[in-house]
Amino acid sequence: MPPITAFNNFVLSTGQKLRTGPDEILNDATKNTYIISRMLKGAGAADVIQSGTKIVDRLMLNDTGTGVYYDPNETLSIENIDTLQTIEVNWRFFANHFSYTEQEVNLNSGDQQTYYKNLLKVKRQGMVTDTFNTMEEKLWSSPVNADMEAATGKLPFSLRTYVTVDGLAPSGFTTVQTLNPTTQSRWRNQFSDYDSTDLTNPDTGLVQAFAELFLTCRLQSPRPRAPPENDEFQQMGIFTNRDGRMIFLRLTRDSNDRLVGNDLGSQNTGLAYAGLPVEYIAELDNAGWTAGQPRYEFLNLKYLKPVWHSEEYMKEKEPIRHPNQPFSWAVWSSTYYNLFCSSRRRQGVVFPTGATTN
């Protein structure tokens, strides 16, 4: 069998053998990404896997409003109130590929199986890394209605679509995931501003803004006879750019009257607010925020996750070659997904006073 044919067969066989199933997505994401791995940590397949023509969920944004006080023997009215709203979000389609040439397969000697395994590992690993790096970048991109909310768009929603400085839809949007936050007050994120010229001011400074947002994002369920929904902030974090983390670190150090132990950087690795980690996101360095005026994204990732299509997650196709490049082969990978938010009320942002965009 010619080497190139043998290698094509090896690609096909290992592609089927190693193709990631829905229940293995979490492990793969953890190895290759940062914020996506945080989103998927602790999630089950049912939370991040769907099939069908769209991503579908039902949200309860209002109560029934049927409670009444009454007199004995008073006639009571019965109403059948539907409190759920259906949200349908379009899939976004992502493709990537790796390629190899007949020459690089034919001109290498040594144990065939070992060489094939190593070559394929390098090719596939490069493609997978690029796939998740691209997805990571898009998670923090600026919101664009035509690309994200519109059914004809190509891009997935970004995190900054769901978190705005006024709690409403981003500039250029009317709806977010088909719901209008102007008319649906519970479909708005939380927000609090701070005076960037007086960070330590007890009324308008950064610490006060953090305190206000922490309280408004801390939503709790009532206690019915059935166990309530568990929302203990285990999947919540505070995300900012380099500028934001350095400012928060400086405030943390200045608020202490002595250094802890003999380690000047002791607070750097464990930087937190009320137990929530304050984390640096490199992609946010490109967000266009004014120097000295960073934002702090309070994200509860229990309610904010990528959703993958059960039939098209990193699914590799058969090796193909173009008639004008008869000695080069390509393997395409297909992924259907989008970023889905099931609760904007549990998300928030601290931003400098006067900012008008997110």
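Salt bridges come to 5 in this chain, which is a predicted model. Side chains of opposite charge can pair when their charged atoms come close. Three of these pairs are worth a visit.

Start with E88 and K54. Their side chains meet in a salt bridge, with 3.7 Å from N to O. The two residues are 34 places apart in the chain. E88 belongs to strand β3, residues 84–90. K54 belongs to strand β2, residues 54–60. The pair therefore links distant parts of the chain. How accessible are the two partners? E88 has 39% relative accessibility and counts as partly exposed. K54 is partly exposed too, with a relative accessible area of 31%.

Next come K123 and E104. The closest N and O atoms of this salt bridge are 3.3 Å apart. K123 lies in helix α6 (residues 112–139) and E104 lies in helix α5 (residues 102–106), so the bridge ties together parts that are 19 residues apart in sequence. E104 has a relative accessible area of 23%, so it counts as partly exposed.

The third pair is K317 and E312. Here the N to O distance is 3.5 Å. Is E312 buried or exposed? E312 has 10% relative accessibility, so it counts as buried. The cut-off for buried is under 20%. K317, at 36%, is partly exposed. This bridge does not stand by itself. Salt bridges that share partners join E312, K315 and K317 into one network.

Now step back to the whole chain. It holds 11 helices and 13 strands. Of its 358 residues, 43% count as buried. The chain exposes about 19,800 Å². Carbon and sulfur atoms supply 49% of that area. Contacts often span long stretches of sequence. Take those between residues at least 6 apart: 76% of them join residues at least 24 apart.

Turn to the interior. In soluble globular proteins, nonpolar side chains tend to be buried together. The largest nonpolar core in this chain has 62 residues. Which residues have the most contacts inside it? They are Y100, W140, L159 and W308. Helix α6 gives this core its largest share, 9 residues. Another core lies apart from it, with 21 residues. Among them are Y194, L199, L251 and L271.

W140 deserves a closer look. Leaving aside residues up to four places away in sequence, W140 touches I35, L159, R160, F239, I281, E283, L284, E297 and L299. L159 is also one of the residues with the most contacts inside the largest core. The list includes R160, E283 and E297 as well.

Then follow the sheet. Strands of a sheet pair through backbone hydrogen bonds, either parallel or antiparallel. Here 6 strands form an open sheet, in the order β5-β13-β9-β6-β8-β7. The pairing is mixed. β5 and β7 stand at the edges. Each has a single partner strand, so one side of each is left without a neighbour in the sheet.

Strand β6, residues 236–240, shows the mixture. It runs parallel to strand β8 (residues 276–280), with 3 bridges between them. It runs antiparallel to strand β9 (residues 296–300), with 4 bridges. I238 stands opposite V278 in β8. I238 also stands opposite F298 in β9.

At the β7 edge, strand β7 covers residues 272–273. It joins β8 through 2 bridges, and the two strands run antiparallel. A272 has P277 in β8 as its bridge partner. β7 and β8 form a hairpin with 2 residues between them. A274 in the turn has a positive phi of about 50 degrees.

Helices lie across these strands. α9 lies across β5, β6, β7, β8, β9 and β13. It runs at about 170 degrees to β5. Helix α10, residues 242–254, lies across β6, β7, β8 and β9. Its angle to β8 is about 135 degrees.

Finish at a loop. S196 is found between β5 (190–194) and α9 (206–217). Its relative accessibility is 22%, so S196 counts as partly exposed. What does S196 touch, not counting residues up to four places away in sequence? It touches G292, Q293 and P352. S196 and G354 are 158 residues apart along the chain, and their C-alpha atoms are separated by 9.9 Å.

Definitions and conventions
Residues numbered from 1 in each chain as written. Predicted model: local features only at pLDDT ≥ 70, side-chain atom pairs only at ≥ 80, totals over all residues. Heavy atoms only, no water. Salt bridge = Lys/Arg side-chain N within 4 Å of Asp/Glu carboxyl O. Buried < 20%, exposed > 50% of the residue type's maximum accessible area, 1.4 Å probe, protein only. Core = buried A, V, L, I, M, F, W, Y, C linked by side-chain atoms within 4.5 Å. Contact = heavy atoms within 4.5 Å. Areas by Shrake-Rupley, 256 points an atom, 1.4 Å probe, with all protein chains shown as cover. Pairing = 2+ DSSP bridges. Axes fitted to C-alpha atoms, helices over the stretch in contact; angles between N-to-C directions.
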